[in-house]
Amino acid sequence: MAAKVPESADVDALRAAAATCTACDLHRDATRTVFGDGPEKASLLVVGEQPGDREDRDGQPFVGPAGHLLDRGFDEAGIERHDIYLTNAVKHFKFRLPERGKRRIHQKPNRSEVLACQPWLLAEIRAVRPKLVLCLGATAAQSLLGASFRLTAHRGELLDAPENLDLPIGVMATTHPSAVLRAPDRDEAYAAFLDDLVAAAKALGAD
Ligand code: URA
């Protein structure tokens, strides 16, 4: 069943409606919908892939290790935390259980799950009307910019919002902080990530 997104809704109304979303099968195993969070009129809207284990338990985006790295990056790039709305391309945690052990293992959402959740993301962007949308990783970037978007070719570039949003706002994509945490050379990956956040800070400051 398609996502039942209320028209012209504010973020609270969207969050309430998304709590019972069954537009894809991920709601069956996840604990809850983890909707976006932050000031309704934030200048920067940040899109991750999907909630992780910790976010699924707490009900808030980016409260685990990737979120901590993101906080450090925002701080070092001079982006004010109180001016950021955080959300995800997919709002349920997708995981598998290992044969032994209980730790839930993250699984990447597929294209149909991303598309099923996309109406919520577009509605959040319309409700917040940020100056800039920053996509973290290929899943978030491809949800907004299309499946042919290549992060490696366009990271850190200031792009126009896609036509289906019909808003005069910028879009930028960078790597996902979890990829920085997993990188063989973490310092180098973090430095490149920070460069992109500095570019985002500049785009936010420009008029
Ligand atoms: N990774 C994401 O993409 N989103 C979260 O909320 C947490 C980790």
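## Polar contacts of the ligand

In this predicted model, a polar backbone atom of Gln50 lies 3.0 Å from a nitrogen atom of the ligand. A second backbone contribution comes from Phe62, where an N or O atom of the main chain is 2.9 Å from an oxygen atom of the ligand. The side chain of Asn88 also takes part, placing an N or O atom 2.7 Å from a ligand nitrogen atom. Of the 240 Å² that the ligand exposes when taken alone, the protein buries 93%.

## Surroundings of the ligand

The ligand occupies the space of the largest pocket. Around the ligand are Gly48, Glu49, Gln50, Pro51 and Gly52, together with Glu55, Pro61, Phe62, Asn88 and His176. By residue class, this shell consists of five polar, three nonpolar and two charged residues.

## Aromatic pairs

Across the whole structure, a search finds three aromatic pairs. One of them joins Phe35 and Trp120 in an edge-to-face arrangement, with 6.2 Å from centre to centre and 90° between the planes. This pair links distant parts of the chain, since Phe35 belongs to the loop between helix 1 (11–18) and strand 1 (44–48), whereas Trp120 lies in helix 4 (residues 111–128), and the two are 85 residues apart.

Terms used: Residues numbered from 1 in each chain as written. Predicted model: local features only at pLDDT ≥ 70, side-chain atom pairs only at ≥ 80, totals over all residues. Heavy atoms only, no water. Near = heavy atom within 4 Å. Polar contact = N/O pair within 3.5 Å; in protein donor to acceptor, adjacent residues only side chain to side chain. Areas by Shrake-Rupley, 256 points an atom, 1.4 Å probe, with all protein chains shown as cover. 1 Å grid on protein atoms, 1.4 Å probe; cavity = no way out; pocket = protein on both sides within 12 Å on 5 of 7 lines; lining within 4 Å. Sits in = over half its atoms within 2 Å of the grid points. Nonpolar A, V, L, I, M, F, W, Y, C, P; charged D, E, K, R; others polar. Phe/Tyr/Trp six-rings, centres within 6.5 Å; stacked < 30°, edge-to-face > 60°. Helix = DSSP H or I, 4+ residues; strand = E, 2+ residues; numbered from the N terminus.
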